[in-house]
Amino acid sequence: MSEASSPVFDRWMGKADENIKEWGLQDERTLLLAMQEELGELTQAVLEASAEGGDPDRIDEELDDLGALLLQFHEARNQRYVDTGTQQPEGSE
């Protein structure tokens, strides 16, 4: 597994920051729906690149979109614990 300070992680963090600036902090359900959409787009990009001569760079673009949303989802969960004053389950930080 790569270190958390990898260029990919940094790119995902930057994209997550852009998403938050554009859309604000979104709730977990909204982010789950967005992640589902991006997973479908990633799947389509992989299948098209492997079987239909699609652009392999699109795979990385879709993966970046999904990665950013995963980070946003993690932050939304953390914020929920802060807002409710409850403790996160051990190992979830």
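These exercises work through the helices and the core of a predicted model.

**Exercise 1. Overall layout**

State how many helices and strands the chain has, and what share of its residues count as buried.

Solution.
- The chain holds 3 helices and 0 strands, and along the sequence the pattern reads α-α-α.
- Of its 93 residues, 25% count as buried; a residue is buried when its relative accessible area is under 20%.
- The exposed area of the chain is about 6800 Å², and carbon and sulfur atoms supply 53% of that area.
- Contacts between residues at least 6 apart in sequence can be sorted by separation: 63% of them join residues at least 24 apart.

**Exercise 2. The two sides of α1**

Find which residues of α1 are buried and where they sit around the axis.

Solution.
- Helix α1 covers residues 7-23, which is 17 residues. From first C-alpha to last it reaches 24 Å, close to the 24 Å expected at 1.5 Å a residue.
- Its buried residues are W12, A16 and N19.
- These cover an arc of only 60° around the axis, so they lie on the same side of α1.
- An α-helix has 3.6 residues a turn, so residues three or four places apart point the same way.
- On the face turned away from the buried side are the exposed residues P7, E18, K21 and E22.
- After α1 comes G24, with a positive phi near 80°.

**Exercise 3. Length and ends of α2**

Compare the end-to-end distance of α2 with the span it should have, then describe what is found at its start and just after it.

Solution.
- Helix α2 (residues 28-51) has 24 residues, which at 1.5 Å a residue should span 34 Å. The expected span uses one less than the number of residues.
- The end C-alpha atoms of α2 are 34 Å apart, which agrees.
- At the start of α2, a side-chain oxygen of D27 comes within 3.0 Å of the backbone nitrogen of R29.
- Just after α2, G53 has a positive phi of about 70°.

**Exercise 4. The nonpolar core**

List the residues of the largest nonpolar core and say which helix supplies the largest share.

Solution.
- The core has 7 residues: L31, M35, L42, L66, L69, F73 and A76.
- Helices α2 and α3 (57-84) each supply at least two residues of this core; the largest share, 4 residues, comes from α3.
- The buried residues of α2 are E28, L31, M35, E38, L42 and A45.
- Leaving out residues up to four places away in sequence, F73 touches E28, L31, L32 and M35.
- In soluble globular proteins, nonpolar side chains tend to be buried together.

Note on methods
Residues are numbered from 1 along each chain as its sequence is written. Side-chain values use heavy atoms; hydrogens and water are left out. Buried means under 20% relative accessible area, exposed over 50%, partly exposed in between (1.4 Å probe, protein chains only). A polar contact is a pair of N or O atoms within 3.5 Å; within protein, one must be able to donate a hydrogen and the other to accept it, and residues adjacent in sequence count only if both atoms are side-chain atoms. The arc is that of the directions from the helix axis to the C-beta atoms. A nonpolar core is a set of buried Ala, Val, Leu, Ile, Met, Phe, Trp, Tyr and Cys residues joined through side-chain atoms within 4.5 Å. Contact means heavy atoms within 4.5 Å. Accessible areas come from the Shrake-Rupley method with a 1.4 Å probe; for residues, only the protein chains shown count as cover.
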